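Student: I am new to this structure and would like a close look at a single part of it, a helix and a residue within that helix. After that, please go on to the other places worth inspecting, in one connected account.

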Amino acid sequence: MTTFALLSIAGASIAALLLLIIRFEVHAFVALMLVSLLVALATGIPLAEIIPTLISGMGGTLGSVAILVALGAMLGRMIEVSGGANTLAQRFSQLLGPKRVPAALTAAALVLSIPVFFDVGFIILIPIIYGFCKAAGVSPIKYGLPVAGIMLATHVVVPPHPGIVGGAAVLSADVGWITLIGLGICIPLAFVAQWVGGYLNRRHYTMQPDAEAQFRNFGSVDAADAPAARLPGVGAVLTLILAPLALIMLGTTAATMLPKGDALRDFLAFTGAPVFALMVAIGLAFVLLVRPLGWTRKRTNEVMESALPAAATVILVTGAGGVFAKVLTVSGIGTALSQALSGTGLPLILLGFVISLALRAAQGSATVAILTTCGLLAESIQGGGYSAVQIAVLTVAIGFGGLGLSHVNDSGFWIVTRYLGLSVADGLRSWTVLTTVLGVAGFALTCLVWALVA
């Protein structure tokens, strides 16, 4: 099939998906599965491989997302029902003042997202975002957008995240230089995320009914569950949030600094796995929340189970997004797009950014976009006589291409929009715009660095 035909199918599939969800109000899960099937048929994927491809896309996404969303939702629900989120929000709002809270949350998200994958960190922080927004009397979208934006920016350009580390390996780039350059650019991007988030929030976004109900009832603590004298303290809540993040940080640091086969590295990798870290946090919740509050086993189970219905929707829609991305990849649409762009004659740094951005828009995964682009340009970069610093800058530029244009084929799009209560249309107006602005701003700052080292 020709490149033009493949790209036409890609454009038509995204248009059809948006039409089904926005105009005809088809449930996102059903729409994603239907369009994925039609794309597979239209692009000529053999009939015998279509269903296995759909299953592979679902399984590949849910293998990492389902457990994390479920455990994260349970932990967040326990913190919420115990009154811990309200306690933390009120205490820090008093210390910082209402005007400083959004900036403080964004700064904290930047630091916490360095060792932690985007989806894991955002899920852990959701109850805290809800708590602060509840205390301030604002929609979670106001604080949640810049937090999610800077966390994703860090995810695509700061090691030890998989896309940028894999890209560095393909290009033989220095990870140390990439870390310094990527983190140095992400710091001013945090201010950009805060400003753009504030600008986007001048528009009113109507929360989806299920998310609005969840936010409205957030922090409604039964006096029998959490008498005022026994409300969890700030220290207990911070422990539950920071403990899994600390374990993940140790695991990723060990993987970077210790040699393969080292016993300590293997142990820290096990304890630093996000699934294990969240299980530890839930175990700590039994000690720091359940026991002091005197919850019975029945009550504890009720609280944990009440988190699952909302989590189930996030899991299914995210998995369906993975199906759509898998079909776009298997069909050859991503390859056709990258090959078409490679012949444009653009400057190498701009070409890397554009190809990565286009692949990100076409198939959804920032990691795949970064790795594919690095592979396509490896020969040009490695044979171009560039210094170690210049290669690192080029790698970061490719990373920022993977940040922009997060939309319906990206699992992160569904996680952010579902937890913040955004409709698909509002998600495109806010989250997609924010990621694209941050990607372009990050690339512009990378070009400034390039001008200094070229």
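Tutor: A helix is here a DSSP run of H or I with at least four residues, and helices are numbered from the N terminus. The model is a predicted one. With that in hand, start at Val-81, which belongs to helix α3. Val-81 counts as buried because its relative accessible area is 7%, and the cut-off for buried is under 20%. Its distance to another residue is also worth noting. Between Val-81 and Ala-12 there are 45 Å in space, taken from C-alpha to C-alpha, and 69 residues in sequence.

Stay in the same helix and look for Ile-51, which is found in α3 too. Ile-51 is partly exposed because its relative accessible area is 48%, whereas Val-81 is buried. Ile-51 is one member of a nonpolar patch on the surface, formed together with Leu-34, Leu-37, Leu-38, Leu-41, Leu-47 and Ile-55. Taken together, the residues of this patch have about 680 Å² of accessible area. Two helices, α2 (28-42) and α3 (47-81), each supply at least two of the residues in the patch. Helix α2 gives the most, with 4 residues.

Now leave the surface patch and turn to empty space inside the model. Rolling a probe the size of a water molecule over the atoms shows where empty space is left. A search of the whole structure for cavities of 30 Å³ or more finds 1. The volume of the largest cavity is about 30 Å³. Its lining is made of His-155, Val-156, His-161, Pro-162, Gly-163, Ile-164, Ala-366, Thr-367 and Ile-370. Three helices each supply at least two residues of this lining: α7 (140-157), α8 (162-171) and α18 (366-382). Sorted by class, the lining holds 5 nonpolar and 4 polar residues, and no charged ones.

Charged residues bring us to the next topic. Side chains of opposite charge can pair when their charged atoms come close. The whole structure has 4 salt bridges by search. One of them joins the side chains of Asp-426 and Arg-429, at 2.6 Å from N to O. These two residues are separated by about one helical turn because they are 3 residues apart in helix α21 (residues 424-453). Asp-426 is buried, with a relative accessible area of 8%, whereas Arg-429 is partly exposed at 38%.

Another salt bridge joins Glu-302 and Arg-299, at 3.5 Å from N to O. Here too the partners are 3 residues apart, in helix α14 (residues 297-305), which means about one helical turn between them. Glu-302 is partly exposed, with a relative accessible area of 36%. Arg-299 is partly exposed as well, at 27%.

A further salt bridge pairs Arg-360 with Asp-410, at 3.2 Å from N to O. This pair links distant parts of the chain, since its partners are 50 residues apart: Arg-360 is in helix α17 (residues 348-363), and Asp-410 is in the loop between α19 (388-401) and α20 (411-420). Arg-360 is buried, because its relative accessibility is 2%. Asp-410 is buried too, with a relative accessible area of 9%.

The loop that holds Asp-410 has another residue to check. Leu-405 lies in the loop between α19 and α20. Most residues other than glycine have a negative phi. Leu-405 is not a glycine, yet its phi is positive, at about 55 degrees. With 29% relative accessibility, Leu-405 counts as partly exposed. Ser-172 likewise has a positive phi of about 55 degrees without being a glycine. Ser-172 sits in the loop between α8 and α9 (175-200). Ser-172 counts as exposed because its relative accessible area is 56%, and the cut-off for exposed is over 50%. Helix α8, on one side of that loop, was met before as a helix that supplies at least two residues of the cavity lining.

Methods: Residues numbered from 1 in each chain as written. Predicted model: local features only at pLDDT ≥ 70, side-chain atom pairs only at ≥ 80, totals over all residues. Heavy atoms only, no water. 1 Å grid on protein atoms, 1.4 Å probe; cavity = no way out; pocket = protein on both sides within 12 Å on 5 of 7 lines; lining within 4 Å. Points joined across faces, edges and corners; volume = space filled by probe spheres on them. Nonpolar A, V, L, I, M, F, W, Y, C, P; charged D, E, K, R; others polar. Patch = residues over 30% accessible without salt bridge, like charges linked within 9 Å, V, L, I, M, F, W, Y side chains within 5 Å. Areas by Shrake-Rupley, 256 points an atom, 1.4 Å probe, with all protein chains shown as cover. Buried < 20%, exposed > 50% of the residue type's maximum accessible area, 1.4 Å probe, protein only.
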